[in-house]
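Pull the chain up in your viewer and keep it handy. We'll start where its parts meet and then wander over to a single helix.

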Amino acid sequence: MKLHNAQKTCWNCPAIDLAGKVDFRACGQSVEAFERGPDQEGDVYVMAECKRRPELGLFDPMGITFEECPEWVETPFGYMLKDMRVMILGIDGYLGWTLALWLGALGFQVSGVDNYSRRDWVMERGSHTVVPIARMTERLQAAREVLGININFRRMDILDRSRLREFIEEVKPEAIVHYAECPSAPYSMIDADHAIEVQRNNVLGTLGLLFIMRDTVPETSLLKLGTMGEYGTPLTGRPIFEGMFPADAVLRWRGREWSLGGELTPRDPVSFYHVSKVQDTFNVYEACKYWWLRSYDIMQGVIYGVHTEQVAADPRLRTRLDIDEWFGTVVNRFVAQAVVGIPLTIYGAGEQIRGFISLQDAMQCMTRLICSPPEPGEYGVVNQMSGYYSIRELAETVARVGRKEFNLPVKIQRVENPRVEADRHPFEPIFERLPNDFGFEPQVSLEEEIYRMFELLTQPEIKARIEQKKHLIIPRTWWSGMKKQVETLELWEE
Ligand SMILES: NC(=O)c1ccc[n+]([C@@H]2O[C@H](COP(=O)([O-])OP(=O)(O)OC[C@H]3O[C@@H](n4cnc5c(N)ncnc54)[C@H](O)[C@@H]3O)[C@@H](O)[C@H]2O)c1
């Protein structure tokens with residue numbers, strides 16, 4: 001069977017420089033104005049040069065496929081550009097560190113930056129990661145010793161544009177994965193200072209990056225992390241498409257009808273953090289339009305889990321896992337609660353439905369996207385999730401695994417909902433592009449990953465770290481601004 005990206009061509013490859021009688025960067029939309037080649041009636045005259053194979057001279061970028069090019073080699077995740085240089089912004093984080101090791105093990109040349117703000121934000125709330133993580137110097141050394149991976153790391157704030165630009169010019173990454181944002185909805189809802197800090201960090205960091213990419217590495221693909229929370233949960237029950245309306249979607253109004261195909265779908269963010277992601281969406285979309293940048297905007301579901309082969313290879317290689325009300329995502333928090341005997345907290349009715357994906361499956365998706373770069377000017381969106389569950393179902397699954405496999409007396413409680421959200425709603429997410437266009441096949445079931453989490457979190461050292469911070473699990477941050485611990489509404493033993 002052909003690999004999913006076998007038929008992509010140099011047109012998609014970050015190793016080419018586009019050349020010819022076309023000023024690409026200047027006019028993304030006015031194809032008519034392009035000067036046409038002498039014998040190519042109707043065709044746009046675009047040529048390319050390959051930075052890796054200069055001996056080819058100028059050639060037609062559609063002419064060579066990944067399958068034919070010796071620079072692209074076969075891997076389990078599609079063809080991969082040999083020694084491809086990938087820069088991860090936010091490399092010290094939950095996903096960033098995991099991806100660095102994952103890509104390093106596959107033979108990518110990994111570089112990255114981080115300013116450790118996640119460590120600072122968690123400390124500011126008086127919490128800690130319950131899976132202990134090493135300092136960056138120790139992480140880098142362990143990656144070298146245990147996995148033979150050399151990571152080119154620079155400590156910096158991505159808002160420091162001159163330093164970021166310098167590092168990008170030095171490394172010349174062929175893909176940039178942008179994780180470097182504050183990922184927490186409740187943190188952004190604490191007060192004005194926190195809301196402003198999250199939006200400043202996230203929105204301005206991304207905007208500055210786009211300008212740097214335009215000026216230094218316009219052929220590089222940008223993999224920008226958004227979230228499924230950008231869409232909200234449309235109460236009409238209409239499907240949640242992948243960023244844009246499909247070609248056959250129509251708007252009907254007062255007896256007239258228009259195509260909606262290709263238009264961005266409405267966003268309905270659910271916190272000031274999610275608003276920052278929506279603002280990013282528009283900034284990235286515009287940059288692709290104005291400057292022919294190439295980007296995938298990845299609407300990621302909530303991640304759960306602790307496991308990949310690489311992070312489990314040595315305790316110094318572990319990635320972080322948070323369980324407090326601000327930074328603990330729901331499945332990770334539920335498993336920790338089950339381990340220390342706090343009834344799992346369902347907010348409100350518990351019928352809120354969200355998209356989810358395991359840590360390992362998210363890494364697979366990212367690799368497939370990196371290996372299959374968007375074409376010039378493309379703003380592509382994928383909904384990255386492997387399934388969807390109600391919060392009540394998740395609690396029941398964690399309770400079942402905890403009771404049956406680990407003999408824990410897990411209880412579930414319903415508490416007041418501190419958020420402003422519908423707690424009963426229709427939900428029909430479309431998540432077809434990753435499996436259909438990029439060959440993604442989920443490898444890890446929810447139960448399996450929950451089992452692995454219990455294995456790790458019941459270890460005495462980690463259980464003790466959960467005990468130390470368990471008073472930070474039950475929420476006190478209300479979307480209304482109120483600060484009061486939520487009350488229990490109902491408690492179930494079994
Ligand atoms: N974890 C999830 O469930 C989830 C779900 C959907 C989307 N996302 C998105 O994925 C991305 C990564 O999430 P994560 O869970 O790994 O979060 P994380 O906080 O663990 O990782 C983000 C990293 O970026 C760094 N960072 C933040 N601002 C920075 C700046 N200005 N300069 C340099 N470094 C900076 C942080 O120190 C941190 O190490 C985020 O954009 C998040 O919004 C996460």
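How many residue pairs are in polar contact between domain 1 and domain 2? The count comes to 8 residue pairs, with both partners at pLDDT 80 or more; that cut-off matters here, since what you're looking at is a predicted model. On the domain 1 side of this interface, strand β1 (residues 16-19) supplies the largest share, with 3 residues. Sort that side by class and you get 13 nonpolar, 5 polar and 5 charged residues.

Now zoom out a little. The domain assignment puts domain 1 at 1-79 and domain 2 at 83-492, and their centres, taken over C-alpha atoms, sit 33 Å apart. Where they meet, 23 residues of domain 1 are in contact with 26 residues of domain 2. Together the two domains bury about 2,000 Å² between them, and 53% of that is on carbon and sulfur atoms.

Charges get a say too: the rule finds 2 salt bridges across the interface of domain 1 and domain 2. If you want a salt bridge to click on, try K51 with E219, where the closest N and O atoms are 3.9 Å apart. The cut-off for that pairing is 4 Å.

Next stop, helix α7 (residues 272-291). With 20 residues at 1.5 Å a residue, α7 should span 28 Å, and its end C-alpha atoms are 28 Å apart, so the expected and modelled spans agree. At the start of α7, a side-chain oxygen of S271 reaches to within 3.2 Å of the backbone nitrogen of Y273. At the other end, α7 is followed by W292, whose phi is positive, near 60°.

Definitions and conventions. Residues are numbered from 1 along each chain as its sequence is written. This is a predicted model: local features need pLDDT of at least 70, side-chain atom pairs count only at pLDDT 80 or more; totals for chains, interfaces and linings use all residues. Side-chain values use heavy atoms; hydrogens and water are left out. Domain bounds come from an automatic or database domain assignment. Contact means heavy atoms within 4.5 Å. Buried area is the accessible area (1.4 Å probe) that two parts lose on being put together, summed over both. A salt bridge is a side-chain nitrogen of Lys or Arg within 4 Å of a carboxyl oxygen of Asp or Glu. A polar contact is a pair of N or O atoms within 3.5 Å; within protein, one must be able to donate a hydrogen and the other to accept it, and residues adjacent in sequence count only if both atoms are side-chain atoms. Helices (H or I, at least four residues) and strands (E, at least two) are DSSP runs, numbered from the N terminus. Ala, Val, Leu, Ile, Met, Phe, Trp, Tyr, Cys and Pro count as nonpolar, Asp, Glu, Lys and Arg as charged, and the others, Gly among them, as polar. The expected span of a helix is 1.5 Å times one less than its number of residues.
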